[in-house]
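Here is a protein to look through together. Keep the picture open while you read, and find each part as it comes up.

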2 protein chains.
Amino acid sequence: MSTNRIEADYLLETPGDPRRVAEFMAGEQSSGTFVPVPGETPELKARAAARVIRLDVLDESAPAPALPSAGLKVTAETKFRRALVTLSWPFEILGPSLPNLLATVAGNLFELKPVTGLRLLDIRLPAEFADAYLGPGFGIAGTRRLSGVEGRPLIGTIIKPSVGLNPRETADLVAELCRAGIDFIKDDELQADGPACPFDERVAEVMRVINAHADRTGKKPMYAFNLTGDLDEMRHRHDTLLQHGATCMMASLNSVGLAGMIALRRFAQLPIHAHRNGWGYLTRHPMLGWSYIAWQKIWRLAGVDHMHVNGIGNKFAEDDESCIASARACLTPMFAGKPCTVMPVFSSAQTARQAPATYNGLGSVDLIVTAGGGIMAHPLGAAAGVEAMVDAWQAALAGIPLPDYAQSRPSLKRALEMAA
Amino acid sequence: MSTNRIEADYLLETPGDPRRVAEFMAGEQSSGTFVPVPGETPELKARAAARVIRLDVLDESAPAPALPSAGLKVTAETKFRRALVTLSWPFEILGPSLPNLLATVAGNLFELKPVTGLRLLDIRLPAEFADAYLGPGFGIAGTRRLSGVEGRPLIGTIIKPSVGLNPRETADLVAELCRAGIDFIKDDELQADGPACPFDERVAEVMRVINAHADRTGKKPMYAFNLTGDLDEMRHRHDTLLQHGATCMMASLNSVGLAGMIALRRFAQLPIHAHRNGWGYLTRHPMLGWSYIAWQKIWRLAGVDHMHVNGIGNKFAEDDESCIASARACLTPMFAGKPCTVMPVFSSAQTARQAPATYNGLGSVDLIVTAGGGIMAHPLGAAAGVEAMVDAWQAALAGIPLPDYAQSRPSLKRALEMAA
């Protein structure tokens, strides 16, 4: 970055004059009051003020507000106009602090009365932020090294049912997945340390199976244990993982929060698999909240290694274009000299069938794809399920249509029949 | 609580059958897959499953979805129906973990394809949660004890401009506010530890003034220093506060996050003033995200002492009814034997004028009210600004209309003229 200012891009909707409202946002997020008070000199304003550095009023306008606003005066003629706005802040008011960055670029301004829609689209940070935070400790290269998978995605799955299995039952399933040749397994985000499946016991049982498999075959599947919890619990669980030779940990970003994730990264000796559950409440309305493009930057700089991005043809409300844009963002360097790139994790109803669209959209094999039923419910068994996923990615890389490639590959053939 | 299940209430919108969608939500948040897999026995389901324990389909229906959903099949005849849904989970799948509670009651379900609107309205937790977390360390009684204010709200203000003042300029303003008789002062959420106003220096300068005032007068205004930052920074800043005799610290909830706030509470020896900036992106759309009623319970149990609730006639998009409901929630006990009640903090364009509506709505004087311009811009000076606020609350408590009460009270009289 050549600038030492912080920048944030927004999509704004307002019944007012977009320029005036953008200036109002800048004022609220720097001097922050309406009544001139003693001490607020022009010099001080020039030193500390946020600025509107871009304003593109869009052609579209809506007859009704995207978001209700109490006491807003509107008539039948009121048009709700939309604009792309970029605000910038002097680095000096904030320092290189991610938590305080949130209060600055994503604080009170979502609640302003003349704002009937506001979405944070992107952020750009000066290099001081790159120096202040660790970024991913393992990233793509470290994940490949620990899992021993090169040249293709990590083929993964999630332990299902999400809850209800005890540690022994979990380990039995893991044994089956190891035999099936899986690269990556993760806990469900609902499974952490409940009395029915305590974390420490689950780690002991599962790692016994994985370590034995690794000793026998030389292949050690990466298991992302969900250590989400209070910070002291996460510290203890991290040490338990190390002790048992585990190679990954998972944390729910919206459960742990930013200061917790930063602290976790500071003592982490294993890759952090970041789960985004709850993301829907941050993003689901197109005129409110966070775009993934802005959001993922925070967590990458804080130091996670894998970021969930949903998947092509997923069971959720997100379209494929948005999913691919999210995944591409994870692979886009953040700073010169400190790219902070992380592995995007594709999940939700994933099968062999999505490989070509995923590869064509992403333009990379640096990803983790987790398939639940797509692997476990394969009619020829889980090993065939894994094989079908690997086959599908070979086909995608070679640019060969899946049905053609499947002619000589029974696992892929049956997988395509199942997914049809 | 007589039950050992966790309950969550939602407002749901769907083009599908509300009962089927509610059952789908329960399934997704417990077993969590679509394809039956080995190990998912009826016994296991009965033990681990979430249940729909209440479904009230509302009369209203909308012709268009509140939230877009990719790939959702709708026709011109599709109606988007709304329902109140309560889900319950067995305590055993989770244990008494607030971070994992979030993943359970507010995880992936906001993104489900047949869900075109989902808002978390309330949560109820079994007593095991009360045992597992500390709750407020000071609460209402501790805040009154430290500030020496009884029988009326704490009258407070916010240092403005939000950013730009250096530590000495901040302390000069604090000196003026002390002379004015203020009870409570807070940093703005944009002010934490920027290079232009470092935390440690600000604390030293401000507390020198406050301690001197306390020595002279016996009254020690409570100053909430914004220590928001990484966890190690917050720990250091907390110790700095103790060392200088400060009596309060402030943290931005959405910046620090849940694990960080729980950790902060565990070492806190001062009240935690919780700022909710960013709350807008969690709540602003009425068919998405969090209600304050549900949200504030998480933070109270985690251990904050003061919670921001906006204010009557505020400058934001929230209406007065919602603000009062939030404040009342803060004063409503959470558990038998562990009420976790906290002081609601009223702010945003507050003046003497709002006292009667605030008191009538809340039915209590257990609150902090912060007025910026309402105090600092009083034509007779800040002391008259504070006096007018105290007068207004006396009038509200006595049930006397403000203009009547102001006849013999020039400070209040001028305040009312200013606010008109």
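What follows is a short tour of this predicted model, from the pairing of its chains down to single residues.

## How the two chains are related

Two copies of a chain are related by a rotation about an axis and a shift along it. Here, turning chain B by 180°, with 0.0 Å of shift along the axis, lays it on chain A with an RMSD of 0.0 Å. That is the relation of a two-fold axis.

Want to find that axis on screen? Look for B:Gly257: its C-alpha is 1.9 Å from the rotation axis, and no residue of chain B comes closer.

## Where the chains meet

How many residues does each chain bring to the contact? Chain B brings 96 residues and chain A brings 96 residues. Of the interface residues of chain B, 100% are interface residues in chain A too, so the copies meet through the same surface.

Between them, chain B and chain A bury about 7,600 Å², and 57% of that is on carbon and sulfur atoms. Three residues are worth picking out: B:Glu111, B:Tyr281 and B:Arg284 supply 11% of the area that chain B buries against chain A, more than any other three residues.

## What holds hands across the interface

Side chains of opposite charge can pair when their charged atoms come close. Between chain B and chain A the count is eight salt bridges. In one of them, B:Glu111 pairs with A:Arg276, with the closest N and O atoms 3.8 Å apart. There are also 36 residue pairs in polar contact across the interface.

Which elements of chain B give two or more residues to the side that touches chain A? Among them are α2 (42-48), α3 (98-105), α8 (231-243) and α10 (258-267) of chain B. The one that gives the most is α10(B), with six residues. Sorted by class, that side of chain B has 44 nonpolar, 34 polar and 18 charged residues.

Now go back to α3(B), and ask whether its residues are buried or exposed. This helix is mostly covered, with eight of its eight residues buried. Among those buried residues are B:Leu98, B:Asn100, B:Thr104 and B:Val105.

## A salt bridge between chains

Let's zoom in on A:Lys315 and B:Glu28, which form a salt bridge with their closest N and O atoms 3.4 Å apart. A:Lys315 sits in the loop between β11 (306-308) and α13 (320-330) of chain A, and B:Glu28 in helix α1 (residues 18-28) of chain B, so the pair joins two chains. Are these two buried or exposed? Both A:Lys315 and B:Glu28 are buried.

## Salt bridges within a chain

Over all chains, the whole structure has 44 salt bridges. Take B:Arg144 and B:Asp366, whose closest N and O atoms are 2.9 Å apart. This pair links distant parts of the chain: B:Arg144 is in helix α5 (residues 139-147) of chain B, B:Asp366 is in the loop between α14 and β13 (368-370) of chain B, and they are 222 residues apart. B:Arg144 counts as buried at 5% relative accessibility, while B:Asp366 is partly exposed at 22%.

Another salt bridge pairs B:Arg237 with B:Asp193, the closest N and O atoms being 3.0 Å apart. B:Arg237 belongs to helix α8 of chain B, B:Asp193 to the loop between β6 (184-186) and α7 (199-217) of chain B, and 44 residues separate them. B:Arg237 is buried, with a relative accessible area of 4%, whereas B:Asp193 is partly exposed, at 30%. Over in chain A, salt bridges that share partners tie A:Glu7, A:Asp9 and A:Arg124 into one network.

## A few backbone oddities

Most residues other than glycine have a negative phi, and most peptide bonds are trans. Now check the bond from A:Lys160 to A:Pro161: this one is cis, with omega near 0°. In chain B, a cis peptide bond joins B:Lys160 and B:Pro161, with omega about 0°. B:Pro161 is in the loop between β5 (154-158) and α6 (167-179) of chain B.

What about phi? B:Ser348 is not a glycine, yet its phi is positive, about 85°. B:Ala349 is not a glycine either, and has a positive phi of about 60°. B:Ser348 is in the loop between β12 (343-346) and α14 (355-362) of chain B, and B:Ala349 also lies in the loop between β12 and α14. B:Ser348 is buried, with a relative accessible area of 8%, but B:Ala349 is partly exposed, at 42%.

Key. Residues numbered from 1 in each chain as written. Chains lettered and ligands numbered in written order. Predicted model: local features only at pLDDT ≥ 70, side-chain atom pairs only at ≥ 80, totals over all residues. Heavy atoms only, no water. Least-squares fit on C-alpha atoms with pLDDT ≥ 70 in both. Contact = heavy atoms within 4.5 Å. Buried area = accessible area lost by both parts, 1.4 Å probe. Salt bridge = Lys/Arg side-chain N within 4 Å of Asp/Glu carboxyl O. Polar contact = N/O pair within 3.5 Å; in protein donor to acceptor, adjacent residues only side chain to side chain. Helix = DSSP H or I, 4+ residues; strand = E, 2+ residues; numbered from the N terminus. Nonpolar A, V, L, I, M, F, W, Y, C, P; charged D, E, K, R; others polar. Buried < 20%, exposed > 50% of the residue type's maximum accessible area, 1.4 Å probe, protein only.
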